[in-house]
Every structure is written in C-alpha cells, then in structure tokens.
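Reader: I have a model open at the bench. Walk me through it, one question at a time.

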Amino acid sequence: MYLKKNAAIFVRESFHKLLYIYDSIVVKFVKRKDGVDFRKNVLPENLGEDYDYDKFVHYVPSRSWQIKKVIKILKITENDSIIDIGCGKGKAIYDFSNYKFKHIGGLELNEELAGIAKENMKILNLPDVEIYRDNALNFNNYDKYNHFYFYDPFNFEIFKTVIHNILENYKKKPREITVIYQHVRDHDKVLNEIDGFEMYRSYRNPVRIIIYKYNPSRKG
Ligand SMILES: C[S@@+](CC[C@H](N)C(=O)[O-])C[C@H]1O[C@@H](n2cnc3c(N)ncnc32)[C@H](O)[C@@H]1O
C-alpha cells in the first residue's frame, strides 16, 4: 500500500516535471505564427528604472493547465470579473478569455511588457480586455473586479500593501472577493492575518497555489 502510494506520487511528479520542461522550451523560444508574443525574453536587467529587483519578480508566463485548474475551482459565472495583477505579456489573461468572465483586466508595472500585452490583445481580437500600465503599489481602480489573480509578481511586503489597497476598494464597493496566488512563498501569512479572509483551496501544480475568499461578515 505504502509502495503503491509512493509510486503514484513519483509518476505524477515526474509527469509534471516533463510537462514543465516541455512547456518552458516552448515558452522561451517559440513566437506564435500570428505574431502573439508570450515568450519569456524580457530579462530582469531590462525591466527599467522603476523596477525594484529585490521586491518585484520578473516576467514568467502562467501555463494554460494551471489556469484551467484555477478556473475549475472558482466555478465562475457571467457576473464574475478577473484582474491579473502583474500581467506581463498577458498569457494568463489570454487563458482567462476562454471562459465567460464579464470583465478581464491586467495590471503591469513594466512599460515594455504592458505594450506587448496590449499588442497581443489586439492580435487576439480581445478589444474588451483592459491593460493598465501602473505600479500595483499605487493602483486602486478595482471596482469592476472580484477575482484577483497573482502569479508571484512580488514579495510579502508589496503583496501586503496591494491587499490593503484591494480592501480599501472593497469598503467602497462590498462584494465577495477571491484572491488567487500562484507560487506562494510566505504570501499566505498576509491573508491569514486579516479577519474575513478564509482559505478556500491550497494545492500544488507544481508550484504552490492558494485561493482565499474574503467575506468579513462571516467572522465575528
Ligand atoms: C511571474 S510574472 C507573471 C505574468 C502573468 N501574470 C502570467 O501569469 O502570465 C510577474 C509579473 O509581475 C510584474 N510586476 C512586478 N511587480 C509589479 C508591480 N509592483 N506592479 C505591477 N506589476 C508588477 C512583472 O513585471 C511581471 O511581468
């Protein structure tokens, strides 16, 4: 029984690793024929003066199978809207566009990446997607959105400030909020410290992903 369980884990993890290696090669080198660019070719040293390398994470795109699983868990309806905070070239946004979201947005600090994301949305004929070029530390234009997706854009401290910005926006417009963080290091501590956030799911795919819901009326 013990051996069988370990063998199953080994096979699953090996499969994930192979998928990751294959995907990394495609993601790094292959530019799509239609001109869409989701490649990982903007290095941290090219990210511009406003980039604080100790706090911000450079561009790496989400993988479609990771987004697929997140969407399955969220059970979205046509009243749901999502924003990708640190959207890079818009790969996760593109994956979100395959589902019935009312609004889809992306926020990106780096000008070059935000420009590529806008160009990608044009080629992909997604005119309703909104790309905002701003630093998440200062941004608060969240009224439209109830799902907040992060693929590891920054460290614990910045995440804490951004979550407080989102909660400021919530005071103005109360609604059920979901925070999805992919590649968690210590980011869950931020959410655990705030009354009203409850963990909904936590899993590995292959990096750690957490989904928290915010509903302050549930807690005393
Ligand atoms: C790991 S990539 C994720 C890309 C995209 N979300 C995806 O899933 O395909 C993290 C992105 O966050 C952006 N970022 C880092 N700090 C940011 C900040 N303070 N405000 C907005 N975007 C930021 C980076 O430039 C980078 O494009």
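**Two unusual backbone angles**

Author: This is a predicted model. Lys 75 has 7 other C-beta atoms within 10 Å, so Lys 75 counts as exposed.

Reader: Which loop holds Lys 75, and what is its phi?

Author: Lys 75 sits in the loop between helix 2 and strand 1 (81–85). Lys 75 is not a glycine, yet its phi is positive, at about 50°.

Reader: Is His 183 buried, exposed or partly exposed?

Author: His 183 lies in the loop between strand 5 and helix 6 (188–192). Its phi is near 75°, a positive value in a residue other than glycine. Buried takes 20 or more C-beta neighbours and exposed takes 12 or fewer. His 183 has 18 inside 10 Å, so the class is partly exposed.

Reader: Which peptide bond is cis?

Author: Look in the loop between strand 6 and strand 7, where Pro 206 lies. Omega is near -15° for the bond from Asn 205 to Pro 206.

**The sheet**

Reader: Which strands stand at the edges of the sheet?

Author: The sheet is open, has seven strands with mixed pairing, and runs in the order 3-2-1-4-5-7-6. Each edge strand has a single partner, so one side of each has no neighbour in the sheet. The edge strands are strand 3 (130–133) and strand 6 (197–204).

Reader: Which residue stands opposite Leu 107 in strand 3?

Author: Strand 2 and strand 3 pair in the parallel sense, over four bridges. The residue opposite Leu 107 is Tyr 132.

Reader: What angle does helix 2 make with strand 5?

Author: Helix 2 (residues 64–74) packs on the sheet. The helix touches strand 4 (147–151), strand 5 (177–182), strand 6 and strand 7 (208–214). Its direction makes an angle with that of strand 5 of about 155°.

**Core and ligand**

Reader: Which residues does Ile 85 contact, beyond four places in sequence?

Author: The largest nonpolar core has 48 residues, and Ile 85 is among the six that touch the most other members. Leaving aside neighbours within four places, its contacts are Leu 107, Ala 136, Phe 148, Tyr 149, Phe 150, Pro 153 and Val 162.

Reader: How many residues around the ligand are nonpolar?

Author: The ligand is surrounded by 25 residues, the closest being Phe 56, Ser 62, Gly 86, Gly 88 and Pro 153. Helix 3 (91–96) and strand 2 (103–108) each supply at least two residues of this shell. Five shell residues are polar and four are charged; the nonpolar ones number 16.

Definitions and conventions. Residues numbered from 1 in each chain as written. Predicted model: local features only at pLDDT ≥ 70, side-chain atom pairs only at ≥ 80, totals over all residues. Core = buried A, V, L, I, M, F, W, Y, C linked by C-beta atoms within 7 Å. Contact = placed C-beta atoms within 7 Å. Near = placed C-beta within 6 Å. Nonpolar A, V, L, I, M, F, W, Y, C, P; charged D, E, K, R; others polar. Pairing = 2+ DSSP bridges. Axes fitted to C-alpha atoms, helices over the stretch in contact; angles between N-to-C directions.
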